[in-house]
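Please open the structure in the viewer and keep the selection tool at hand. The tour below proceeds stop by stop, stating at each one what to select and what is found there.

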Amino acid sequence: MLGTGWGASEDGFRWMLDDESVLEIPGLGEASTLYLILRISPLILGETVWPQRLAVLVDGFPHSLPVITETTFVIVPMPGHEKRVGESVKVVLKHPDWLQLTTLFPDSPTPPDSRKISLRVHEAYLVDQTGSMGNALSDQANIARTDPRVLEPFCPASLADFASLGDNCEFGLFQRRCGVEPQDLFRFSRLSIETLLTGLEDGFVDLCNLARLTFSLRGDAPRREYITKNDKYKFFSHSGVVEDEASVVRVIEREIRKLYFLRQLLIDDLKSGDRLFVFKANHSASAEQIDDLSWSLRRWGDNFLLHIRLADGSVEAGHVERTGRFVMTGYIDSFLDYSKAQIPASEAWPTICDRAGKLWCQIRANDLGQVEQVALEALAE
Amino acid sequence: MIDIQRSVQALVQAETGTDTNVAPNTVLDDISGWDSVSLAGVLMALEEEYSIRIGRHQVVNLHTVGDLERLVRDLSLLADGRGKT
């Protein structure tokens, strides 16, 4: 039963309004352990997501405090049956970061929505610990109800979802030839797995530290290119600027800004788990190093690693397989020499990316199902 | 809003070192001298000028000068509007 703080039913969702929204769930009966699952998404203005805090209280006890930045399943345990028989359960959703469009758009020719809009609730349903649906909430709340085991569909991965971790420009240039230009720190950079691990450990905190940076010219005059080097991470990056195109001061200024911004995006990516990190090394990395790399990525979030290695005859080039909890391995016939990364790369790259993208989506969908199940089991204990 | 438009256009011109007029419908990739570094430079300058934070998901769909202007406008409104009645 909906209490205060709700908007009218719209196209598959309801807005939560004002500071809090209340659900009164009557007579849950003697069923085994029950959970309330809410599918919630944030307010989006134009293409801009508006992150909002959400606190869930069940009969006054707080149960979860997420910040909603994307479509999220919030799992809320209901009180034990001995308490709830014959009594209703009051669920209060506190959402203090609402927006009022009349404040944002005071000069709008058409009067904007004057409500204090918070988050969208798309679904609300009760499940018992086997995942079977409860019977009370959705119909009464007039909120869409679906099988709780049906998860959000993932879009097929695009090449822009792949983020290069080096060890050189080969993959970044392959993306360019495919017309994809993601803003990634390591697309046109050279660094080893050892220093990559160092950077993932400390968050590349000294990447833009002027004391650790040098700038040099590389290539044949008069078309020498400015190169940025960081001696802590043994990292060097192409500026894409040749000596007669800009002054040294301007190049340095641009490079530092670029590194700062791309580092910021890398940290975003590491925390979000929304990119598939690609690592290749002409000189094969050891299994231990790949394990370390995967672990380092996982320290930040649910990050998957696609390790590209040479096919050894037992598998064909283009083959992709899952080789660890968060690791996939793709096999390629050859890597370009480090001095010739500009020439077209192996024909196996598109096949690897296509297969890896599909496998990644499949793994994430399956794992999300398992994670939800584990969460339910953990809550049941 | 006009300030944002002027500011974005000036930053794009400064970043690419061009005097070419840019308009909201100008495609960034069509601007002479524009590259991924230019984008990083413009976004960083906008973050500083408007005290906003631009994240990965907001960078993905920037194709025109107008997209940049809208992004700054939306983020500025959000920054100004948080918790206001």
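Select helix 6 of chain A, residues 248-272, together with strand 16, strand 17 (225-230) and strand 18 of chain A. In this predicted model, helix 6 of chain A lies across these three strands and runs at about 130° to strand 18 of chain A.

Next, extend the selection to the sheet that holds these strands. It is an open sheet of 4 strands in chain A, in the order 15-18-17-16, with antiparallel pairing. Strand 15 (189-190) and strand 16 (213-218) of chain A are the edge strands; each has a single partner strand, so one side of each has no neighbour in the sheet. To see how one edge is attached, display strand 15 of chain A beside strand 18 of chain A, residues 235-242: the two run antiparallel and are joined by 2 bridges. Within this pairing, A:S189 has A:S237 in strand 18 of chain A as its bridge partner.

Move now to the loop between helix 4 (170-177) and strand 15 of chain A, and select A:D184, which is located there. Is A:D184 buried or exposed? Its relative accessible area is 8%, and A:D184 is therefore buried, the limit for that class being under 20%. Display its surroundings: apart from neighbours within four places in sequence, A:D184 is in contact with A:F162, A:A163, A:S164, A:L262, A:D269, A:R275 and B:R56.

One of these contacts, A:A163, leads to another sheet. Select strand 14 (162-164) of chain A and strand 19 (residues 276-280) of chain A, which pair in the parallel sense over 3 bridges. Here A:A163 stands opposite A:F277 of strand 19 of chain A. Then show the whole sheet: it is open, has 5 strands in the order 14-19-20-22-21 in chain A, and is mixed in its pairing. Strand 14 and strand 21 (320-324) of chain A lie at its edges, and because each has a single partner strand, one side of each is without a neighbour in the sheet. From one strand to the next, the twist averages 30°.

The following stop is a pair of helices. Select helix 5 (residues 193-202) and helix 7 (residues 287-298) of chain A, whose axes are 10 Å apart and which pack at an angle of about 20°. Helix 5 of chain A is therefore roughly parallel to helix 7 of chain A, and their crossing is left-handed. To view the contact, display A:I193, A:E194, A:L196, A:L197 and A:L200 from helix 5 of chain A, which meet A:Q289, A:I290, A:D292, A:L293, A:S296 and A:L297 from helix 7 of chain A. By class, this contact comprises 7 nonpolar, 2 polar and 2 charged residues.

Remain in helix 7 of chain A and select A:R298. Its relative accessibility is 31%, so A:R298 counts as partly exposed. Apart from neighbours within four places in sequence, A:R298 is in contact with A:N303 and A:F326. Add A:K271 to the selection: A:R298 and A:K271 are 27 residues apart in sequence, and their C-alpha atoms are 9.2 Å apart in space.

Finally, select chain A as a whole. How many helices and strands are there in chain A? Chain A has 8 helices and 22 strands. Of its 381 residues, 49% are buried. Among contacts in chain A with a separation of 6 or more, 60% join residues 24 or more positions apart.

Definitions and conventions: Residues are numbered from 1 along each chain as its sequence is written. Chains are lettered from A and ligands numbered from 1 in the order in which they are written. This is a predicted model: local features need pLDDT of at least 70, side-chain atom pairs count only at pLDDT 80 or more; totals for chains, interfaces and linings use all residues. Side-chain values use heavy atoms; hydrogens and water are left out. Two strands pair if DSSP finds at least two bridges between them. Axes are lines fitted to C-alpha atoms, for helices over the stretch in contact, and angles run from 0 to 180 degrees between N-to-C directions. Angles under 35 degrees count as roughly parallel, over 145 as roughly antiparallel, 65 to 115 as roughly perpendicular and the rest as oblique. A crossing is left-handed if the near helix is turned anticlockwise from the far one by less than a right angle, and right-handed if clockwise. Contact means heavy atoms within 4.5 Å. Ala, Val, Leu, Ile, Met, Phe, Trp, Tyr, Cys and Pro count as nonpolar, Asp, Glu, Lys and Arg as charged, and the others, Gly among them, as polar. Buried means under 20% relative accessible area, exposed over 50%, partly exposed in between (1.4 Å probe, protein chains only).
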